[in-house]
Each structure stands twice: as structure tokens, then as C-alpha cells.
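Open the model in your viewer and keep the sequence panel beside it. Each stop below says what to select and what is there.

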Amino acid sequence: MLPASADEAAERFGNTPAIIASGGWALSYRDLARRSHEVAAALAHRGIGEGDVVALVLPSIPEFVVAYVALARLGAITTGVNARLTTDERAAVLAIAEPKLPIATPERAPGGGHDGPSQAAAVTHAWSPGTPFCVPPAPGMIPRLISGCP
């Protein structure tokens with residue numbers, strides 16, 4: 001239902017902003033649909049599919065929405081992990097959820113942040129453990145989640 005709604009909104013509203021980031025740049029409905037298709041294809045290529053649990057360890061940023069719609073396209077199960085949790089609380093949630101893949105910003109990546117050496121490269125440069133891919137970022141899109149790009 002969500003993927004169909006995103007595609008319909010892209011047709012109906014085109015370049016109208018769907019999301020306006022805190023920095024002021026806008027992601028249109030058309031861009032949201034296109035980016036979510038691209039991210040879904042990249043995730044599918046790396047083995048994410050129907051029924052797989054993927055943790056979104058992200059603050060309220062446009063990439064959260066793009067990833068959420070992309071995962072819905074694949075039939076994956078998303079589990080949102082509150083961005084305001086402490087490192088220990090995030091680790092506990094992830095241990096319970098047992099995601100096939102966590103998608104995180106570097107400061108929220110498992111093993112990153114204030115608790116020692118960051119494992120962000122393993123998370124932000126691989127949507128599947130150890131397997132980099134590139135989905136070129138949209139203008140203004142934060143590249144830390146659109147990883148592997150030159």
C-alpha cells in the first residue's frame with residue numbers, strides 16, 4: 001500500500017516538496033518515489049527481501065523516509081530505533097529485534113558513537129554486511145546513507 005501511495009503521489013504531485021529537510025533543501029514526491037525504487041533495488045541486490053527485519057537507527061531525516069518506503073517495496077519488516085536512546089539502550093533494542101541489517105548514521109551505528117571505535121563504515125558503507133554499493137545521492141541528500149559512492 002505504501003509503495004503504491006508513493007508512486008501515485010509522484011504522479012499527482014511531481015516536483016512538489018514531499019519533505020523539507022532542516023537544512024532547507026526539498027525532496028519532491030517524484031524524487032522520493034525514484035530514490036526509494038533505487039534504494040530498494042540496491043537492497044534487493046544485496047539480499048534484503050520479504051520478511052527480512054531491517055532496523056532504521058536514524059533521526060528524523062529524509063533518508064529515514066526513503067529507506068522506509070524502499071523497504072516497504074521489498075516487503076521487508078522495518079523496526080524503528082528511537083534516535084534519542086543511549087548507546088546501551090540502542091544495543092538492547094537491536095539485540096531483541098535481531099535485524100538482518102541496521103541502517104544508521106555514523107554516530108548511531110552499532111559500536112559507534114561514544115562507546116569506542118566506530119563501526120559506522122560497516123553499517124553506512126554496506127547495506128549488507130561487508131558488501132558496499134552505490135546509490136548516487138540526490139542533490140542535498142546526506143551521503144552517509146547513500147554509501148559507497150565516489
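Strands, here, are DSSP runs of E at least two residues long, numbered from the N terminus. By that rule T79 belongs to strand β4. This is a predicted model, so every value on the tour is computed from it.

**The whole chain**

Start with the protein chain in cartoon view. There are 5 helices and 5 strands. Follow them along the sequence and the pattern reads α-β-β-α-β-α-β-α-β-α. Colour by accessibility next. Of the 150 residues, 43% count as buried. Now think about contacts between residues at least 6 apart in sequence: 58% of these join residues at least 24 apart.

**Stop 1: T79 in β4**

Select T79, in strand β4. Which residues does T79 touch, leaving out those up to four places away in sequence? Show V53, V54, A55, L56 and A97 to see them. Then draw a distance from the C-alpha of T79 to that of P99. It should read 8.2 Å, for a pair 20 residues apart in sequence.

**Stop 2: L27 in β2**

Move to strand β2, residues 26–28, and pick L27. Is L27 buried or exposed? Its relative accessibility is 1%, so L27 counts as buried. Add T16 to the selection. L27 and T16 are 11 residues apart along the chain, and their C-alpha atoms are separated by 8.3 Å.

**Stop 3: helix α3**

Select residues 62–74, which form helix α3. Check the length first. With 13 residues at 1.5 Å a residue, α3 should span 18 Å. The C-alpha atoms at its ends are 19 Å apart, which agrees. Now colour the buried positions of α3: P62, E63, V66, A67, V69, A70, L71, R73 and L74. Step one residue past the helix. G75 follows α3 and has a positive phi, near 80°.

**Stop 4: α2 against α3**

Keep α3 on and add helix α2, residues 29–45. What angle do α2 and α3 make? They pack at about 60°, with axes 8 Å apart. That makes the pair oblique. The crossing is right-handed. To light up the contact, show L32, A33, R35, S36, H37, V39, A40, L43 and A44 in α2. On the α3 side, show V65, V66, V69, A70, L71, R73 and L74. Colour this contact by class and you get 12 nonpolar, 2 polar and 2 charged residues.

**Stop 5: α1 against α2**

Leave α2 on display and bring in helix α1, residues 2–13. The angle between α1 and α2 is about 145°, and their axes are 7 Å apart. This crossing is left-handed. From α1, show A6, D7, A9, A10 and F13. From α2, show Y29, R30, A33 and H37. By class, the residues of this contact are 6 nonpolar, 1 polar and 2 charged. Pause on A33 and H37 in α2: they also belong to the contact with α3.

**Stop 6: α1 against α3**

Hide α2 and look at α1 with α3. Their axes come within 8 Å and cross at roughly 120°. The two helices are therefore oblique to each other. Show L2, P3, A6 and D7 in α1. Opposite them, show Y68, V69, A72 and R73 in α3. Here the split is 6 nonpolar, no polar and 2 charged residues. A6 and D7 should look familiar: α1 also uses them to contact α2.

**Stop 7: T86, ahead of α4**

Go to the loop between β4 (77–80) and α4 (87–97) and select T86. How accessible is T86? At 43% relative accessibility, T86 counts as partly exposed. Add R108 and compare C-alpha positions. T86 and R108 are 22 residues apart in sequence and 9.1 Å apart in space.

**Stop 8: E98, after α4**

Finish in the loop between α4 and β5 (101–104), where E98 lies. Check its backbone. E98 has a positive phi of about 50°, although it is not a glycine. Then check its surface. E98 counts as exposed because its relative accessibility is 63%, and the cut-off for exposed is over 50%.

Definitions and conventions:
Residues are numbered from 1 along each chain as its sequence is written. This is a predicted model: local features need pLDDT of at least 70, side-chain atom pairs count only at pLDDT 80 or more; totals for chains, interfaces and linings use all residues. Side-chain values use heavy atoms; hydrogens and water are left out. Helices (H or I, at least four residues) and strands (E, at least two) are DSSP runs, numbered from the N terminus. The expected span of a helix is 1.5 Å times one less than its number of residues. Buried means under 20% relative accessible area, exposed over 50%, partly exposed in between (1.4 Å probe, protein chains only). Axes are lines fitted to C-alpha atoms, for helices over the stretch in contact, and angles run from 0 to 180 degrees between N-to-C directions. Angles under 35 degrees count as roughly parallel, over 145 as roughly antiparallel, 65 to 115 as roughly perpendicular and the rest as oblique. A crossing is left-handed if the near helix is turned anticlockwise from the far one by less than a right angle, and right-handed if clockwise. Contact means heavy atoms within 4.5 Å. Ala, Val, Leu, Ile, Met, Phe, Trp, Tyr, Cys and Pro count as nonpolar, Asp, Glu, Lys and Arg as charged, and the others, Gly among them, as polar.
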